[in-house]
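Thanks for coming. I will go through one structure this morning, so please have the sequence and the model open.

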Amino acid sequence: MADISSRVDGDRVLGDLNALRAIGAYKTGVHKPTLSEPHLRSLHWFVQRLPDAGLAGEIDGIGNVIGTSAKHGPRLLAGSHLESQNHAGWLDGPLGVVYALEAARVINLDPNINGAVEVASWCDEEGHFGHFLGSRSYVGGVTEADIDAARDRNNDRSMREALRDAGLAGRVRARYEQGRHIGYLEAHIEQGETLESSGLKIGIVTSIVGIWQYRITFTGEQNHAGTTRMAIRKDAGLALARFCVDIDNRFPAACGPRTVWTTGRITLDPGAPSIIPGAAEMLFQIRDDDPAVIARLEELLHSMAAEVNAQGRCAIAVERIRTGTPARMDTAFQGAIEAAGVDFADGKSLRMPSGAGHDAQILSTVMPAGMLFVPSIGGISHHWTENTADADIVTGAEVFVDACRRLLAQ
Ligand code: GLV
Ligand code: MN
Ligand code: MN
């Protein structure tokens, strides 16, 4: 361990995380959809803490909070998000925001350190209204028309209405200024079991996957479930189920070593026990950090769909609804995290790709970016049981703050 004190206050970090966990608590996790009352309360909580970290800021016109510093010298931007998936974990997002706040407290108030950490809470990383709307807005990738079109996937409320109800309508959206920051650093729970199963404490992210998503619709013939003979049915639900299994059989021959694919939602129409579904829809996602692999799998998806159409029983249509470019993390940022891990985590770190999407991939399009992971107990995330040992949270904070210091000193 390093012989100098990092001056990270572990109790303060844990106290902040638990304060955020108490807002919108659900079992041992939280339920904080984007722009919901508990999400907004969390944003106000964060804004109130900025002055004690030498920062000023407010919630902007899309629900981002950017805390800026007037301190002289280089500036590093750090953050994550405060909304959650529905009925999900307490650390996915808040960990990175609280580490950023702690780094700002330690670094900005120290006159011997040249430079400052500025902090961000990005809105809607979890994709209730879109995907990465907050960080994409910051880098100039979201138009007013995009906001007009955005609707809450939970209840179909428009984003305009949600922003108006939150008192944010008409507020300016914060935009990044070229050259203002030396880069962006984000901490996150790993959301997988690699670190835990290897007895390691810190993940040094090398790349972040691209996420491609599809709406796949099947059209058959709605009919009576008792009187329609099996041989003549056009069951859209069955066609969908067969297609899912076919994907699982055929993708492995075309995928990369870490490709993942998921059917996250299936809807049958009309969805009643005594009616053969006339239509069915699946939301399907592919993730990889190699665009060539994703392109290959998309081609396979289309050729499999063509086979279904050729059979003629049910019609299938594949619509691509989301793309994302995989991101490489900056090598100097990886080096700073690794060096900090030697001093504050006994060198128990590992370079690894991220299978989850993160705002860092959006920030990496305009500035150098890096990410640090801490272990997730049992690798569980996007579920309310998500957790990390307190000691690992504190170690991660020490490594994070030291990495910030090193980056500002470079
Ligand atoms: C972000 O939460 C993701 O789904 O990768
Ligand atoms: Mn997250
Ligand atoms: Mn998440």
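I start with helix H2, where Pro38, His39, Leu40, Ser42, Leu43, Trp45 and Phe46 are buried. Buried means under 20% relative accessible area, exposed means over 50%, and partly exposed is in between, with a 1.4 Å probe and protein chains only. Helices (H or I, at least four residues) and strands (E, at least two) are DSSP runs, numbered from the N terminus.

Some bookkeeping. This is a predicted model, so local features need pLDDT of at least 70 and side-chain atom pairs count only at pLDDT 80 or more, while totals for chains, interfaces and linings use all residues. Residues are numbered from 1 along each chain as its sequence is written, chains are lettered from A and ligands numbered from 1 in the order in which they are written, and side-chain values use heavy atoms, with hydrogens and water left out.

Back to H2. What covers its buried residues includes helix H1 (10-22), strand S3 (65-67), H3 and strand S5 (116-121); contact here means heavy atoms within 4.5 Å. H2 runs over residues 37-49, and its 13 residues should span 18 Å at 1.5 Å a residue; the end C-alpha atoms are 19 Å apart, which agrees. The expected span is 1.5 Å times one less than the number of residues.

Just before this helix, Leu35 sits in the loop between strand S2 (29-30) and H2. Leu35 is not a glycine, yet has a positive phi of about 65 degrees. Leu35 is buried, at 3% relative accessibility.

Now the metals. Which residues hold the manganese ion that is ligand 2? His81 (NE2), Asp92 (OD) and His188 (NE2) coordinate this ion, at 2.0 to 2.2 Å. Donors are N, O and S atoms within 2.8 Å of the metal (3.2 Å for Na, K and Ca), and because water is not among the atoms, sites may look incomplete. The donor residues are spaced H-x10-D-x95-H in sequence. His81 lies in the loop between S4 and H3 and His188 in strand S6 (residues 183-189), so the pair ties together parts that are 107 residues apart in sequence. Both are buried: His81 has 0% relative accessibility, and His188 has 1%.

The manganese ion that is ligand 3 has Asp92 (OD), Glu126 (OE), Glu126 (OE) and His382 (NE2) as donors, at 2.0 to 2.6 Å. Asp92 coordinates both manganese ions, which are 3.6 Å apart. Asp92 lies in the loop between strand S4 (75-80) and helix H3 (94-108), and His382 in the loop between strand S16 (369-374) and helix H12 (390-409), so this pair ties together parts 290 residues apart in sequence. Asp92 is buried at 4% relative accessibility, whereas His382 is partly exposed at 43%.

His382 also appears around ligand 1, along with Glu125, Glu126, Arg287, Ala356 and Gly357; the criterion is a heavy atom within 4 Å. Oxygen atoms of ligand 1 make polar contacts, meaning pairs of N or O atoms within 3.5 Å. The distances are 3.0 Å to the side chain of Glu126, 2.7 Å to a backbone N or O atom of Gly357, and 3.1 Å to a polar side-chain atom of His382. Taken alone, ligand 1 exposes 190 Å², and the protein buries 88% of that; areas come from the Shrake-Rupley method with a 1.4 Å probe.

One last backbone point: a cis peptide bond joins Asp269 and Pro270, with omega about 5 degrees.

How values were computed: A polar contact is a pair of N or O atoms within 3.5 Å; within protein, one must be able to donate a hydrogen and the other to accept it, and residues adjacent in sequence count only if both atoms are side-chain atoms.
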